[in-house]
Amino acid sequence: MPNIRHTPAAPTHTLALAAGERIDAHRHDDHQIVYAGSGVLAVTTDAGTWFAPGTRALWVPARTVHAHRAYGHLDLHTLGLPVGDNPLRLDAPTVLTVSPLLRELILAYTRDPADTGPERRRLRAVLLDQLRASPQQPVQLPSPTDPRLAAVCDLLHHDPADPRTLAALGAHTHTGERTLSRLFRSELGMTFPQWRTQLRLYHALKMLADDTSVTTVARRCGWSSTSAFIDVFRRAYGCTPGAHHRLG
């Protein structure tokens, strides 16, 4: 791919990004853990977009071309691991649950990357132990390649509250419901309702990062009520939208 920056060593550091700021496509020879201490981080690869609020971190395998975007003010914490050090045995980008303990370990370890003392080595060992125990989460918005599927996905990206059924969306884009249903499963690995829920959560996280009220987010993203939105958000991220906002 042209114009892909290659930084062999994945840095371990903290970096402040303003709302809307981007880090263009690049790759490392190391694995990397990426965590947003505040705001919401979106990481995009050829396979789609992963999004990580403060209760989630992202595992980016070595040599994966990826780009970052900040929603809200972002305190970005990145942790590089040698290619032979893969405590999770993962070979694809994966979202991980960040417990309160793991959060504090990441913040502490990335605060002073120049430190090479024995305390830091012990901190790293505990951090890796916590990573091994971190549950994986399906917080991804995969990207379609089939133009028929892309046309439907574009409609919902433009208006995540669009209430139309898959049949109605298919009629609008001149594609049958059965064909679209098959494409959602074969290309994106999920059903249409599952993908739409992920899409709405993705847009909800972006709106919350911009200080939009929970009630407004629920309405703009197509939930039938604020309580329904809160319930789905809690099941997806382990906290309410209000608690997520305070965490950021």
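What covers the buried residues of α4? The views below start from this predicted model and take up that helix.

**View 1. Cover over the buried residues of α4 includes three helices: α3, α5 and α6.** Helix α3 spans 147-158. Helix α6 spans 192-209. Helix α5 covers residues 177-188.

**View 2. Four residues of α4 are buried: Leu166, Leu169, Gly170 and Thr173.** Seen down the axis of α4, these buried residues fall within an arc of 100°, so they line one face of the helix.

**View 3. Helices α4 and α5 cross at roughly 105°.** Helix α4 runs over residues 166-173. The two axes come within 8 Å. An angle from 65 to 115 degrees counts as roughly perpendicular, so α4 is roughly perpendicular to α5.

**View 4. Residues of α4 meet residues of α5.** From α4 come Leu166, Ala167 and Gly170. From α5 come Glu177, Leu180, Ser181 and Phe184. The residues of this contact divide into four nonpolar, two polar and one charged. Leu166 and Gly170 are also among the buried residues of α4.

**View 5. His174 sits just after α4.** His174 takes a positive phi of about 65°.

**View 6. Confidence varies along the protein, with its lowest mean in helix α9 and its highest in helix α7.** Helix α9 (residues 241-247) has a mean pLDDT of 68. Helix α7 (residues 214-220) is at 95. For the protein, the mean pLDDT is 88, and 96% of residues reach 70 or more. Where pLDDT is low, the predicted coordinates should not be read in detail.

Conventions
Residues are numbered from 1 along each chain as its sequence is written. This is a predicted model: local features need pLDDT of at least 70, side-chain atom pairs count only at pLDDT 80 or more; totals for chains, interfaces and linings use all residues. Side-chain values use heavy atoms; hydrogens and water are left out. Axes are lines fitted to C-alpha atoms, for helices over the stretch in contact, and angles run from 0 to 180 degrees between N-to-C directions. Helices (H or I, at least four residues) and strands (E, at least two) are DSSP runs, numbered from the N terminus. Angles under 35 degrees count as roughly parallel, over 145 as roughly antiparallel, 65 to 115 as roughly perpendicular and the rest as oblique. Contact means heavy atoms within 4.5 Å. Ala, Val, Leu, Ile, Met, Phe, Trp, Tyr, Cys and Pro count as nonpolar, Asp, Glu, Lys and Arg as charged, and the others, Gly among them, as polar. Buried means under 20% relative accessible area, exposed over 50%, partly exposed in between (1.4 Å probe, protein chains only). The arc is that of the directions from the helix axis to the C-beta atoms. pLDDT is the predictor's confidence in each residue, from 0 to 100.
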